[in-house]
Amino acid sequence: MSVFDKVIAARLARGIVTQPIEYEKRGAELKDLIAAKFSRSFFIREVDTGSCGACESEIIAATNPLYDLQRYGVSFVASPRHADALLVTGPVSKNMVLALKKTYDAMPEPKLVISAGDCALNGGVFKGSYYIAGGVNAVLPVTLHIPGCPPTPLTLVKALISFLR
Amino acid sequence: MEKLLFELTRLGIVPVKLTNENEVYLEVSPVDFKPACLALHKLLRSTVMLMFAEDRRSSEGTFTIRAGFIGTKPRQWYFVEQKVPGPVFGSIAKDIYSANLFEREIKEMFGLEPEGNPDCRRLRLHDEVWPGGYPLRKDFESAVPGPIGNYPFMPVEGEGVFELPVGPVHAGIIGPGHFRFSVAGEPIINLESRLGFTHRGVEKMFEGRDAASAAKLSECVAGDAAFSHSLACCRGVERACGITVPPRGEYLRGIFLELERLYNHVADVGTIALDVGFSFPAAEASVIKENLQALNGELTGSRFLKHVNLPGGVSRDLDQASVKKLLAQTAVAARDFRRLREILYSSVSFLDRVETTGALSKKLAEDLGVIGLAGRASGVKLDLREVFPGVYDGLKVVSREKGDVLARLEVRLDEFEESVRQIERLAARLPEGAVAGDEPLVGSGRALGWAESWRGPVLYWLRFTDGKLARAKIVDPSFHNWIGLNLAALDNIVPDFPVCNKSFNLSYAGNDL
């Protein structure tokens, strides 16, 4: 038996590991909404404008094999030109204002902006700093905010559902 | 210590000596600052671990500049400090390279010119954005109007040489940074990274805070090292104010620190594989990481171990059932991880991509002051858990000599195993009692707090005045190591840069502060 077979055999012997049922249920709901409103695929371009890295870590976690957000029709893309939505994390540091605007401008219409994490709302714990331009909505028109420090994959799915409804 | 004092006296320097526990402060005149730093640098074989200024004009009429070194044998921190009236101070960067970035930082934050430092470009307050004003001065209010400048990259010229700008917005889901490659064909002949895009003014945000809210803010400095940062911050508070942590609290901190190391190491092993296009082990690693983070969530209520540390101890206790779960889950993770390791080593094409790629020699790592995980992969064997063991016992410090991507991968693989072993040890000996002391009384004092995060040493130098922070200097290992990545990538081809970058996996947020 090759090492690859061994891994799969061990996984099957242990039973398939899945995330809580709520995530699965919500995911199915999200899939239907994306199928109806975005022709089955919803492309997101992520930009970090000064976050500590925890939000990105959770967004990446949403794409791991256990959550597998892609199966519901959500994909993270490398280029803003391929994106339906811009997902912004972190308080907007002054150094990132221009880059954020340029990324937004590079996206085709129609486009929307989603902010994720408490910092992105109004600066969070960094509110009032000399180098924070404010929340994402100080720079771009935000359509949806996902709360949390950081938001979990389930929160991400729930927020997307409530928005698409 | 005697040898050191002898050496300084021989140089004609008579320092004023002040001590904390494990901390020695040597106050010297500005003329003696450089020779004293050089003596420490050579005798202790230490890089400049931290160097920072403090605005003491209101109480003493001058700025104070300190350079900190670590003595691994005497298990002490040494600080050389000088009083500088401004506006210039003598640079030591030409003799000790690791002071270079710190001096540039002092220049942009305090407006003190490092005389003799050849590189005076700004680090974080970008020229295109920030007209003027020195944020860390006590009388700073807001930016002062002035002309907006341009950042000069080092020009590389010659036939067929061209520049390849990348970032600050990258293709993946990662932090922002700008990389300027100068290439001739595929090989990289120069690489400059320009960071500071996630600068949030963290050190200024710390000023005026009390101990508890400082600990809370420290968790948002670098998200993937939230526990290490809050641990270093809390230790700084405790040492400055003489607060003792109950033994159970110390042991639990040890366990949580290793849990943070586990999930980060396995994530990096996965992404190194992913960056050379080997996605099967990457998926496997992300499952192990998810399970470990879910465990963190179950044990502490936070997948990133936030809100656990507080000055005086920890806020979460582990009951017997939790300890049992912890041991069972880490054993599962260790088993899965060994299999992951087997998968990686079974692929010759994977090893071919990582072996000899992005090599950083020991000499270069020492000269640049590369520390932590990346340093250990190049043979610089500094681990604060070994220097100041505390609850650790018989820690096996993992190191390699080659300094290539494979070496950094192997350091992670072995440290994972060692962390699991330490968790088992700590859990088995977990003492009974309280997990935190009484509500801390914070008066005035100064001290250094530290933690060996999964990346390397995290340092918090804090000064309290009447229970409020007057100055907090934070150093994340990323600050030392970005330059190491720039030089490790040289002579490699551009497509190998992502895997070099990932093998270092430095924090943007921790560096930019």
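## Backbone exceptions, buried polar residues and aromatic pairs

In this predicted model, A:Pro110 is found in the loop between α4 (97–105) and β4 (112–116) of chain A. The peptide bond leading into A:Pro110 from A:Glu109 is cis, with omega near -10°. A second cis bond joins A:Cys149 and A:Pro150, where omega is about -10°. A:Pro150 sits in the loop between β5 and α6 (153–164) of chain A.

Most residues other than glycine have a negative phi, and most peptide bonds are trans. Positive phi values occur at A:Arg40, near 80°, and at B:Asp466, near 50°. A:Arg40 belongs to the loop between α2 (21–37) and β1 (42–48) of chain A. With a relative accessible area of 67%, A:Arg40 is exposed. B:Asp466 lies in the loop between β14 (457–465) and β15 (468–475) of chain B, and its relative accessibility of 66% makes it exposed.

**Helix α14 of chain B**

Helix α14 (residues 405–428) of chain B holds B:Arg408, and B:Ser419 is found in helix α14 as well. B:Arg408 has 0% relative accessibility and so counts as buried. B:Ser419, with a relative accessible area of 0%, is buried. The side chain of each makes a polar contact, as listed here.

| Residue | Partner | Polar contact between side chains |
|---|---|---|
| B:Arg408 | B:Ser503 | 2.8 Å |
| B:Ser419 | B:Glu258 | 2.6 Å |

Beyond its neighbours within four places in sequence, B:Arg408 is in contact with B:Thr357, B:Gly358, B:Leu373, B:Ala374, B:Ala377, B:Gly403, B:Ser503 and B:Phe504. For B:Ser419, leaving aside neighbours within four places in sequence, the contacts are B:Glu258, B:Arg261, B:Leu262 and B:Arg385. From B:Arg408 to B:Glu342 the C-alpha to C-alpha distance is 17 Å, with their positions 66 residues apart in sequence.

**Packing of α7 and α16**

In chain B, helix α7 (residues 247–275) packs with helix α16 (residues 497–504) at an angle of about 175°, their axes 9 Å apart. Angles over 145 degrees count as roughly antiparallel, and α7(B) and α16(B) are therefore roughly antiparallel to each other. On the α7(B) side the contact is made by B:Thr271, B:Ile272 and B:Asp275, and on the α16(B) side by B:Pro498, B:Val499, B:Lys502 and B:Ser503. These residues divide into three nonpolar, two polar and two charged. B:Ser503 of α16(B) is also the side-chain partner of B:Arg408.

**Aromatic pairs**

A pair of aromatic rings is described by the distance of the centres and the angle of the planes. Over all chains the count comes to 25 aromatic pairs. One of them is A:Tyr130 with B:Phe140: the ring centres are 5.5 Å apart and the planes stand at 75°, so the pair is edge-to-face. A:Tyr130 lies in the loop between α5 (118–122) and β5 (144–146) of chain A, and B:Phe140 in the loop between β7 (113–115) and β8 (161–166) of chain B, so this pair joins two chains. A:Tyr130 and B:Phe140 are both buried.

Another pair is B:Phe179 with B:Trp482, with centres 6.0 Å apart and planes at 40°, so it is tilted. B:Phe179 lies in strand β9 (residues 178–184) of chain B and B:Trp482 in helix α15 (residues 477–488) of chain B, so the pair ties together parts that are 303 residues apart in sequence. B:Phe179 and B:Trp482 are buried. One aromatic cluster is formed by B:Phe179, B:Phe181, B:Trp482, B:Phe497 and B:Tyr508.

Definitions and conventions. Residues numbered from 1 in each chain as written. Chains lettered and ligands numbered in written order. Predicted model: local features only at pLDDT ≥ 70, side-chain atom pairs only at ≥ 80, totals over all residues. Heavy atoms only, no water. Axes fitted to C-alpha atoms, helices over the stretch in contact; angles between N-to-C directions. Helix = DSSP H or I, 4+ residues; strand = E, 2+ residues; numbered from the N terminus. Parallel < 35°, antiparallel > 145°, perpendicular 65-115°, else oblique. Contact = heavy atoms within 4.5 Å. Nonpolar A, V, L, I, M, F, W, Y, C, P; charged D, E, K, R; others polar. Buried < 20%, exposed > 50% of the residue type's maximum accessible area, 1.4 Å probe, protein only. Polar contact = N/O pair within 3.5 Å; in protein donor to acceptor, adjacent residues only side chain to side chain. Phe/Tyr/Trp six-rings, centres within 6.5 Å; stacked < 30°, edge-to-face > 60°.
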